[in-house]
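I sat down with this one to check a few side-chain contacts, cavities and backbone oddities. My notes follow, in the order I looked things up.

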Amino acid sequence: MTFGEKLNSMRKNSGFTQEEVAVRLGISPQAVSKWENDLSCPDIMLLPEIAKLYGKSVDELLGTDDFNEADAKESIIDDKISKQNAEIKDSFSRKNVGNGKMFLKVNVITQNGDNINVRLPVTLLKSVKGLLGSIKINNSSADGIDLSEIDFDMIFELIDSGVMGEIVNIVTQNGDNIKVYAEREDI
């Protein structure tokens with residue numbers, strides 16, 4: 001039985017409607033409905049009030065009063081299996097990063113309204129990474145955008161470990177916004 005089903009059963013056994021429970025707890029009837037449908041959970045601070053309303057202890061409400069060692073061992077085993085499955089899935093997805101070309105996308109939105117997008121292959125950037133800190137992107141302002149604030153070595157480490165999506169988001173003193181993304185183009 002889920003927590004929501006348990007709340008629903010306790011409410012009905014107590015003879016309350018969702019509206020009555022809501023009024024007694026000072027919340028909306030929609031919140032009670034969400035709890036009973038397992039769409040959300042009550043705030044932890046409400047648990048003693050809910051338990052009192054239904055004539056139960058918080059332990060009974062949460063189902064911890066019938067704790068036994070066999071259930072605990074089974075739960076630990078389930079958790080270990082879930083963790084191992086997640087590690088295998090994570091390892092698999094990282095190994096498959098090489099199945100497509102990796103690109104580094106730099107998006108700059110300047111305070112003046114310029115929107116600059118640059119998308120380059122990671123392999124190319126790695127071969128010239130010593131020069132990356134000295135790159136300036138020209139825009140309508142006289143000084144351009146300086147990329148020396150970005151740690152490209154760290155970005156390449158993240159990409160090599162399988163990180164995808166937005167990696168860097170910097171707002172400069174001039175109000176320019178620089179975002180760096182790792183993207184894969186599947187082959």
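**Rings and charges**

I began with charges over rings, keeping in mind that this is a predicted model. I found Arg119 with its charged end over the ring of Phe103, at 4.0 Å from the ring centre. I also noted Lys105, whose charged end sits over the ring of Tyr181, 5.4 Å from its centre.

Next I looked for ring–ring contacts. How many aromatic pairs does the structure hold? I got one. The partners are Phe16 and Tyr54, with 6.5 Å between the centres and 45 degrees between the planes. I logged the pair as tilted, since stacked would need planes under 30 degrees apart and edge-to-face over 60.

Then I asked myself why this pair ties together separate parts of the chain. Phe16 is in the loop between helix H1 (3–14) and helix H2 (18–25), while Tyr54 is in the loop between helix H4 (47–53) and helix H5 (58–62), so the contact joins parts that are 38 residues apart in sequence. I checked burial too: Phe16 and Tyr54 are both buried.

**Cavity**

I ran the cavity search with 30 Å³ as the lower limit and got one hit. Its volume is about 30 Å³. Which residues line the largest cavity? I wrote down Leu7, Val21, Val32, Trp35, Glu36, Ile50 and Tyr54. Tyr54 is also a member of the aromatic pair with Phe16.

I sorted the lining by type and counted six nonpolar residues, no polar ones and one charged. Glu36 is the charged one, because Glu counts as charged. By element, helix H3 (residues 29–36) gives the largest share of the lining, three residues.

**Helix H9**

I moved on to H9, which spans residues 152–160. Its buried residues include Phe152, Ile155, Phe156 and Ile159. Do they line one face or scatter around the axis, I wondered? Looking down the axis of H9, I saw the buried residues fall within an arc of 95 degrees, so they line one face of the helix. That fits the usual geometry: an α-helix has 3.6 residues a turn, so residues three or four places apart point the same way.

After H9 comes Gly162, and I noted its positive phi, near 105 degrees.

**Asp38 and Thr2**

I then scanned for positive phi outside glycine. Asp38 came up, with a phi of about 55 degrees even though it is not a glycine. Asp38 sits in the loop between H3 and H4. Is Asp38 buried or partly exposed? I put it down as partly exposed, with a relative accessible area of 40%.

I paired Asp38 with Thr2 for a distance check. Thr2 belongs to the segment before H1, and it is partly exposed at a relative accessible area of 33%. The two are 36 residues apart along the chain, yet I get 7.5 Å between their C-alpha atoms.

**Two more distances**

I looked up Asp59 in helix H5. Asp59 has a relative accessible area of 44% and is partly exposed. From Asp59 to Pro48 I computed 9.6 Å, C-alpha to C-alpha, across eleven residues in sequence.

Last came Pro121, which is part of strand E2 (residues 115–121). Pro121 counts as partly exposed, at 29% relative accessibility. How far are the C-alpha atoms of Pro121 and Glu183 separated? I get 9.4 Å, with their positions 62 residues apart along the chain.

Notes: Residues are numbered from 1 along each chain as its sequence is written. This is a predicted model: local features need pLDDT of at least 70, side-chain atom pairs count only at pLDDT 80 or more; totals for chains, interfaces and linings use all residues. Side-chain values use heavy atoms; hydrogens and water are left out. Rings of Phe, Tyr and Trp (its six-membered ring) pair if their centres lie within 6.5 Å; planes under 30 degrees apart count as stacked, over 60 as edge-to-face and the rest as tilted. Helices (H or I, at least four residues) and strands (E, at least two) are DSSP runs, numbered from the N terminus. Buried means under 20% relative accessible area, exposed over 50%, partly exposed in between (1.4 Å probe, protein chains only). A charge sits over a ring if NZ of Lys or CZ of Arg is within 6 Å of the ring centre and within 35 degrees of the ring normal. On a 1 Å grid over the protein atoms alone, a cavity is a set of points where a 1.4 Å probe fits but cannot get out, and a pocket is an open set with protein on both sides within 12 Å along at least five of seven lines; lining residues have an atom within 4 Å of a point. Grid points are joined across faces, edges and corners, and a volume is the space filled by probe spheres set on the points. The arc is that of the directions from the helix axis to the C-beta atoms.
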